[in-house]
Amino acid sequence: MGFPVIDSHCHIAGPEYADDLKAVVGRARDAGLVHAMVILAADDEPELRRAADVVAQWPEVRFAIGVHPHAAGKYSAGVDGAVRDVDAAIAAQPLTRGLGEIGLDYHYDLSPRDVQQQVFARQIELARARRLPIVIHTREAESDTFAILAETAAADVGGVFHCFTGDLAMAHRALDAGFHLSLAGIVTFPRAVELHEVARLVPLDRLLIETDSPFLSPVPYRGKRNEPARVVQVAEAVARLRGEATEVVATAAGDNFRRLFNP
Ligand SMILES: [Zn+2]
Ligand SMILES: [Zn+2]
């Protein structure tokens, strides 16, 4: 790539990269990546520790830290514990630029829904106190997600719906509420027709692109471990759908990333 690209959401401090992180970062640099937002789970001590290895290999990375809805159930006995863990992890990581990923996941339902809701809402309050934008994960939980965003006045905290997979109506709703939409490798799938419409609709100044590595490898790598370099395929797919140059999409997404996260 002759222009800079940013992966706005990946999990490269995860155990999947323990053996070849250096090579993964090398391929990312070769592909033109200048930043990546690395998501850390506040309840995952080993992952928080491995963040230092990631910075050693790639000093330009920044972090978002939060309790994922899948992990919210760990705090069923008291959601204060989730807020304490996130606050402590943020305090310990000076490269933190976002709070997340946080939200609701009713597809997998790995945590009780009422606990997911409380942990989500409380982390939005923490994001406000910490002046950090939020990284939202939401799946099959649209109405509760927007209800909590409204109750907590999260629009003025700001943030992004990561790996957006909603329909056009939900995209409008998220944009109207002032949030960014981030598109991942699913947009490269031929059958993701509604998401293709979303890719055409998002204003250029609200668009982010991501890999969500190690998940969601784009075509032609489907089913393999994903990595940040492949955000290029996401940029290319979005550009093709919009009838714009890949450079235009990558540059806009980069500008939005800098404006939102102040890396
Ligand atoms: Zn997610
Ligand atoms: Zn993620």
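The legends below accompany several close-up views of a predicted model.

**View 1. Three protein side chains hold the zinc ion (ligand 1).** Let's start at the metal, where the protein donors to the zinc ion (ligand 1) are Glu101 through OE, His137 through ND1 and His162 through NE2. These donors sit 2.0 to 2.1 Å from the zinc ion (ligand 1). Along the sequence, the donor residues follow the spacing E-x35-H-x24-H. Glutamate 101 belongs to strand β4 (residues 96–105) and histidine 137 to strand β5 (residues 134–139), so this pair ties together parts of the chain that are 36 residues apart in sequence. Both glutamate 101 and histidine 137 are buried.

**View 2. Glutamate 101 serves as a bridge between two zinc ions.** Here glutamate 101 links the zinc ion (ligand 1) with the zinc ion (ligand 2). The two ions lie 3.5 Å apart.

**View 3. Serine 182 is a buried residue of strand β7.** Strand β7 spans residues 180–183 and includes serine 182. With a relative accessibility of 1%, serine 182 counts as buried. Have a look at its side chain, which makes a polar contact of 3.4 Å with the side chain of serine 8. Leaving aside residues up to four places away in sequence, serine 182 touches Ser8, Val160, Phe161, His162, Cys163, Phe164, Leu208, Ile209 and Glu210. One of these neighbours, His162, is also a protein donor of the zinc ion (ligand 1).

**View 4. Strand β2 runs parallel to β1 and to β3.** Strand β2 covers residues 33–41, and seven of its nine residues are buried, so β2 is largely enclosed by the rest of the structure. Strand β1 (residues 5–10) is joined to β2 by four bridges, and cysteine 10 stands opposite valine 38 in β2. To get from β1 to β2, the chain passes through helix α1 (residues 21–30) in a right-handed β-α-β crossover. Five bridges connect β2 with strand β3 (residues 62–66), where alanine 64 stands opposite isoleucine 39. The route from β2 to β3 goes through helix α2 (residues 45–57), and this β-α-β crossover is right-handed too.

**View 5. Helix α3 has a set of buried residues.** Helix α3 (residues 80–92) is made of 13 residues and extends 18 Å from its first C-alpha to its last. That span is close to the 18 Å expected at 1.5 Å a residue. The buried residues of α3 are Gly81, Ala82, Val83, Val86, Ala89 and Ile90. Their cover includes α2, β3, β4 and α4 (113–130).

**View 6. Two cis peptide bonds precede prolines in the loop between β8 and α8.** One cis bond joins serine 213 and proline 214, with omega about 10°. Proline 214 is placed in the loop that runs between β8 (207–209) and α8 (231–242). Another cis bond joins valine 219 and proline 220, with omega also about 10°. Proline 220 is likewise in the loop between β8 and α8.

**View 7. Arginine 131 and asparagine 262 have positive phi values.** Arginine 131 is not a glycine, yet its phi is about 55°. This arginine 131 lies in the loop between α4 and β5 and is exposed, with a relative accessible area of 77%. Asparagine 262, also a residue other than glycine, has a phi near 50°. You will find asparagine 262 in the segment after α9 (246–261), and at 61% relative accessibility this residue counts as exposed.

Terms used: Residues numbered from 1 in each chain as written. Chains lettered and ligands numbered in written order. Predicted model: local features only at pLDDT ≥ 70, side-chain atom pairs only at ≥ 80, totals over all residues. Heavy atoms only, no water. Donors = N, O, S within 2.8 Å, 3.2 Å for Na, K, Ca; no water. Buried < 20%, exposed > 50% of the residue type's maximum accessible area, 1.4 Å probe, protein only. Polar contact = N/O pair within 3.5 Å; in protein donor to acceptor, adjacent residues only side chain to side chain. Contact = heavy atoms within 4.5 Å. Pairing = 2+ DSSP bridges. Right-handed = clockwise from strand over helix to strand, strands pointing away. Expected span 1.5 Å × (residues − 1).
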